[in-house]
Amino acid sequence: MKILLVGSGGREHALAWKISQSPLVTDLVCAPGNPGIGKVAQLRAVKADDVDGLVALAREMAADLVVVGPEAALEKGLADKLARANIPCFGPTQAAARLETSKAFAKAFMERHDIPSAGYGVYETLGEARQALDVFRPPYVIKADGLAAGKGVAISPDRADAEAEVERMLGGRFGQAGARVVIEEFMDGEEGSLFALTDGHRALLFGGAQDHKRAYDGDMGPNTGGMGAYTPAPVFDHGLVETARERIVEPTLKGMAKEGSPYRGVLYAGLMATADGPKVVEFNARFGDPECQVLMMRLASDIVPYLKACAEGDLGRLPEPKFLNQTAICVVMAAKGYPDSPLEGSIIRGADQDFGPDVQVFHAGTTRRPDGSLVAAGGRVLNICALGADISQARERAYAAVRAIDWPGGFNRTDIGWRALER
């Protein structure tokens with residue numbers, strides 16, 4: 001098979017690493033990729049949101065399958081254009097991707113199909129939003145309607161902070177993504193991410209993980225795209241997973257098909273384990289980042305048959321995917337100043353060394369200078385991932401690798417996996 005992988009981050013490096021191990025693959029091309037991906041795939045300088053350029057590249061290389069990493073390509077309708085070119089795509093259509101690209105759409109969809117989530121309202125003006133804050137109770141959950149690189153969610157402890165956050169969002173902080181805001185009831189519980197592969201009609205659960213959204217230790221600081229993750233997540237016991245399958249995953253797929261937008265690819269359900277059972281915090285239309293990295297570390301099955309079956313509507317012939325009976329953890333090393341103003345251009349030393357078979361360093365935001373130096377070129381820059389018999393061993397291996405990387409321009413949380421350790 002010839003596969004085109006779209007994207008340039010840590011999620012895509014993890015996917016490229018796993019896809020490249022498949023005996024089914026003869027050619028793996030990534031657009032635009034990064035220096036780490038370049039070790040396992042050919043790189044082509046086509047941006048992830050250049051839909052026409054990506055379709056042309058897929059045609060040029062006679063791709064048997066296109067695997068879409070980032071949400072921006074899905075929002076722009078890459079899967080739709082590939083379908084018109086008769087090229088199978090792992091990733092939902094533009095209409096189906098609205099489960100992620102519009103929080104207002106997702107909330108209304110869940111309401112229509114009786115899928116458990118928090119109460120909410122959608123507001124386009126500051127006056128409407130201020131009136132709504134009279135009804136909701138603190139802490140206030142405020143979300144930009146559209147895509148905001150994982151940063152469009154604020155949890156405000158009091159009314160003044162909530163008003164300021166609404167004003168920032170509606171005032172253009174996230175551009176068009178914040179033209180509408182969603183205000184939700186606060187859900188008390190423990191959050192985790194559940195994944196399901198789907199061909200539009202059938203679904204296979206694909207594991208759960210727990211992300212760490214806040215920038216600093218102790219879950220302090222601003223929301224980020226994710227500072228680390230681990231799998232399996234103890235919060236996802238058998239009962240919670242089965243309830244989520246019956247009340248959330250399957251009704252979502254049936255509802256999307258019924259409404260004329262069958263969902264293919266991976267469905268990411270961000271869940272809150274509440275006293276009333278699991279409820280949806282948000283949907284994502286792609287593998288999470290950095291959750292994808294830890295899922296790929298633990299995945300024992302060849303991923304390519306699953307990607308292909310989702311794209312071609314043939315998932316029913318495959319068994320449940322197999323995962324290693326180990327724990328995987330990811331520690332994100334980010335550039336100082338992230339998430340607001342990450343400093344770019346600082347030199348990173350030691351990231352390319354061999355850390356052993358249980359540790360992988362996935363590149364998330366890097367580039368190479370002409371002299372070969374590896375430098376930071378984004379907010380989240382490196383993903384240090386490790387396997388272990390349990391969370392303690394996996395953490396020990398990951399943080400040993402973090403300490404061995406010489407990067408004064410970066411920072412990381414030191415408490416990834418703390419919930420699992422407490423258990």
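What share of the contacts in the protein chain with a separation of 6 or more is accounted for by residues 24 or more positions apart? In this predicted model, the share is 68%.

**Figure 1. Overall view of the predicted protein chain.** The secondary structure comprises 13 helices and 23 strands. The C-alpha trace extends over about 55 × 50 × 40 Å along its principal axes. A compact globule of 423 residues would have a radius of gyration near 22 Å, and the 20 Å of the protein chain therefore agrees with that expectation. Of the 423 residues, 57% are buried. The exposed area amounts to about 16700 Å², of which carbon and sulfur atoms supply 48%. The protein chain carries 47 positive and 55 negative charges, and the mean positions of these two sets lie 3 Å apart.

**Figure 2. Close-up of the open sheet of five strands with parallel pairing.** The strand order is β3-β2-β1-β4-β5. Strands β3 (42-43) and β5 (89-90) each have a single partner strand and stand at the edges, so one side of each has no neighbour in the sheet. Two bridges link β5 in the parallel sense to strand β4, which covers residues 65-68. Opposite Val67 stands Phe90 of β5.

**Figure 3. Close-up of the open sheet of three strands with antiparallel pairing.** Here the order is β18-β21-β20. The edges are formed by β18 (347-348) and β20 (366-368); each of them has a single partner strand, so one side of each remains without a neighbour in the sheet. Strand β21 (residues 374-376) runs antiparallel to β18, and two bridges join them. Ile347 has Val375 in β21 as its bridge partner.

**Figure 4. Close-up of strand β9 (residues 181-184) and its buried side chains.** In a regular strand, side chains alternate between the two faces of the sheet. In β9, Val181 and Ile183 point one way, whereas Val182 and Glu184 point the other way, and all are buried. Strand β6 (residues 120-123) runs antiparallel to β9 and is joined to it by four bridges. Within this pairing, Val122 has Val182 of β9 as its bridge partner. Strand β7 (residues 140-144) also pairs with β9 in the antiparallel sense, over four bridges. Here the bridge partner of Ala144 is Val181 in β9.

**Figure 5. Close-up of Thr327 in strand β17.** Strand β17 covers residues 327-335. Thr327 has a relative accessibility of 10% and therefore counts as buried, the cut-off for this class being under 20%. Beyond its neighbours within four places in sequence, Thr327 is in contact with Thr231, Pro232 and Arg298. The list of its contacts further includes Ala386, Leu387, Gly388, Asp390, Ile391 and Ala394.

**Figure 6. Close-up of Gly192 in strand β10.** Gly192 lies in the strand formed by residues 190-199. Its relative accessibility is 3%, so Gly192 counts as buried. When residues up to four places away in sequence are not counted, Gly192 touches Ala209, Phe236, Ala269, Gly270 and Leu271. Gly192 and Pro32 are separated by 160 residues in sequence, and the distance between their C-alpha atoms is 30 Å.

Notes:
Residues are numbered from 1 along each chain as its sequence is written. This is a predicted model: local features need pLDDT of at least 70, side-chain atom pairs count only at pLDDT 80 or more; totals for chains, interfaces and linings use all residues. Side-chain values use heavy atoms; hydrogens and water are left out. The radius of gyration is taken over C-alpha atoms; the globule rule is 2.2 Å times the number of residues to the power 0.38. Buried means under 20% relative accessible area, exposed over 50%, partly exposed in between (1.4 Å probe, protein chains only). Contact means heavy atoms within 4.5 Å. Accessible areas come from the Shrake-Rupley method with a 1.4 Å probe; for residues, only the protein chains shown count as cover. Lys and Arg count as positive and Asp and Glu as negative; His and the chain ends are not counted. The place of a charge is taken as NZ of Lys, CZ of Arg, CG of Asp or CD of Glu. Two strands pair if DSSP finds at least two bridges between them.
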